[in-house]
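Please walk me through this structure, taking its helix packing, its strands and a few individual residues in turn.

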Amino acid sequence: MGPLELGLPMQVAAPEPGELPGSVTIWEVGARDGLQNEQQAVPVEVKLEFLHRLADAGLSVLEATSFVRPEWVPQLADAAELLAGLERAPGVRYPVLVPNARGLDRALESQVRDIAIFASATETFTRRNLNRGLDEQFAMFDPVVRRAVDEGLSVRGYVSMCFGDPWEGAVPVEQVVSVGKRLLEMGCDQLSLGDTIGVATPGHVSALLRGFVAAGVGVDRLAVHFHDTYGQALSNTFAALQHGVTTVDSSAGGLGGCPYAKSATGNLATEDLVWMLDGLGIKHGVDLAKLVATSTWMAEQLGRPSPSRVVKALSS
């Protein structure tokens, strides 16, 4: 019986911490990953206002939506309408998630310049999410990535289940590295390493990042994406920063959740991340007051309070 089956974190040796980066890019996923699990339809006008407010708060990367089939993610069925109505702020990137060649066609029709694909580090999740085997997923992604690169788009590769899988338990570092390297060799500019069910610990984060470096992948090509199921998202982020990671995914107000872990409390809240970065003296370009106001407003639209601790503290 493995550590995850016992409810225990994977035991790994932690390396000596390094120097923290001077600045960090926050990859804001609230409008896509944050809203996609909402059961009640969010009007496109609200989504557009949300993106406008996030840009005004200083966030420079806003993952706007996803071109998935409407029956898979009904909340994002308005992707084309949203992008048609979006007033793109100068200097702000608006990447979208594309699952396949048809999704790329639609992204190009909407004049998207940044896309992301969503791969998995485990066999079981790949079959449940993509109806393909672990190796078979690359055959689906390869033509999408290569065509996107030919069209001059930047491509991010999400790798899910990097630390633990609810069916397979702890995921070997070398397995995650193998999947990630194949995506980079395919043409992805960056990998986002996802703790999909929120079971990672700082030691495990350090081990995975060391594994990529040992395989010849620079930390400048890596981003991290943590869920806060066990309250470790900020600690895990700090561990990644110590290894030189400079792109961190987060969701305004802590929006989002994980359908694969009933106790998951959602994505790392952008406000909580900003508060920590401020305390560390790391630049990020975000106006915290505007961001808190935005998340408070969005919580009102959704009819429930924000789970972000910083939003709660500063809006009370």
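For the helix packing that opens this account, an axis is a line fitted to C-alpha atoms over the stretch in contact, and the angle between two axes runs from 0 to 180 degrees between N-to-C directions. The model discussed here is a predicted one. In general, two packed helices are described by the angle between their axes and the distance between the axes.

With that convention in place, the axes of α5 and α6 come within 10 Å of each other and cross at roughly 55°. That angle makes α5 oblique to α6, given that the roughly parallel class covers angles under 35 degrees and the roughly perpendicular class runs from 65 to 115. On the side of α5 the contact is made by T126, R127 and L130, and on the side of α6 by E136, Q137, M140 and F141. Sorted by class, the contact of α5 with α6 has three nonpolar, two polar and two charged residues.

The loop between these two helices, α5 (123–130) and α6 (136–150), holds N131, a residue that has a positive phi of about 60° although it is not a glycine. Most residues other than glycine have a negative phi. With a relative accessibility of 68%, N131 counts as exposed, because the cut-off for that class is over 50%.

A second helix pair offers another crossing angle to consider. Helix α10 (residues 270–280) and helix α11 (residues 288–302) have axes that come within 10 Å and cross at roughly 165°, and α10 and α11 are therefore roughly antiparallel to each other. The crossing in which α10 passes α11 is left-handed. The residues that make this contact are T270, E271, V274 and W275 of α10, together with L288, L291, V292 and S295 of α11. By class, the residues in the contact of α10 with α11 divide into five nonpolar, two polar and one charged.

From the helices the path leads to the strands, beginning with β5 and β6. Strand β5 (residues 114–120) pairs with β6 in the parallel sense over seven bridges, and within this pairing A116 stands opposite R156 in β6. Strand β6 (residues 154–160) is in turn joined by four bridges to β9, and these two strands run parallel. Along that second pairing, G157 has L191 of β9 as its bridge partner, while V159 has L193 of β9. Six of the seven residues of β6 are buried, so β6 is largely enclosed by the rest of the structure.

Just past β6, in the loop between β6 and β7 (164–165), lies M161. M161 has a positive phi of about 55° although it is not a glycine. Is this residue buried or exposed? M161 is buried, with a relative accessible area of 0%, whereas N131 counts as exposed.

Strand β9 (residues 190–195) has six of its six residues buried, so β9 is largely enclosed by the rest of the structure. In a regular strand the side chains alternate between the two faces of the sheet. In β9 both faces are covered, with Q190, S192 and G194 buried on one side and L191, L193 and D195 buried on the other. Besides its pairing with β6, β9 is joined by five bridges to strand β10 (residues 222–226), and these strands also run parallel. The bridge partner of G194 in β10 is H225.

Strand β1 (residues 25–28) can be followed in a similar way, through two pairings. Four bridges join β1 to strand β11 (residues 247–250) in a parallel arrangement, where I26 stands opposite V248 in β11. Two bridges join β1 to strand β2 (residues 61–62), and this pair also runs parallel, with V61 of β2 as the bridge partner of W27.

The last stop is K181, which lies in helix α7 (residues 173–186). At 28% relative accessibility, K181 counts as partly exposed. Where does K181 make contacts, leaving aside its neighbours within four places in sequence? K181 is then in contact with A215 and V217. Measuring from C-alpha to C-alpha, K181 and L130 are 20 Å apart in space and 51 residues apart in sequence, and L130 is one of the residues of α5 that make the contact with α6.

Conventions:
Residues are numbered from 1 along each chain as its sequence is written. This is a predicted model: local features need pLDDT of at least 70, side-chain atom pairs count only at pLDDT 80 or more; totals for chains, interfaces and linings use all residues. Side-chain values use heavy atoms; hydrogens and water are left out. Angles under 35 degrees count as roughly parallel, over 145 as roughly antiparallel, 65 to 115 as roughly perpendicular and the rest as oblique. A crossing is left-handed if the near helix is turned anticlockwise from the far one by less than a right angle, and right-handed if clockwise. Contact means heavy atoms within 4.5 Å. Ala, Val, Leu, Ile, Met, Phe, Trp, Tyr, Cys and Pro count as nonpolar, Asp, Glu, Lys and Arg as charged, and the others, Gly among them, as polar. Buried means under 20% relative accessible area, exposed over 50%, partly exposed in between (1.4 Å probe, protein chains only). Two strands pair if DSSP finds at least two bridges between them.
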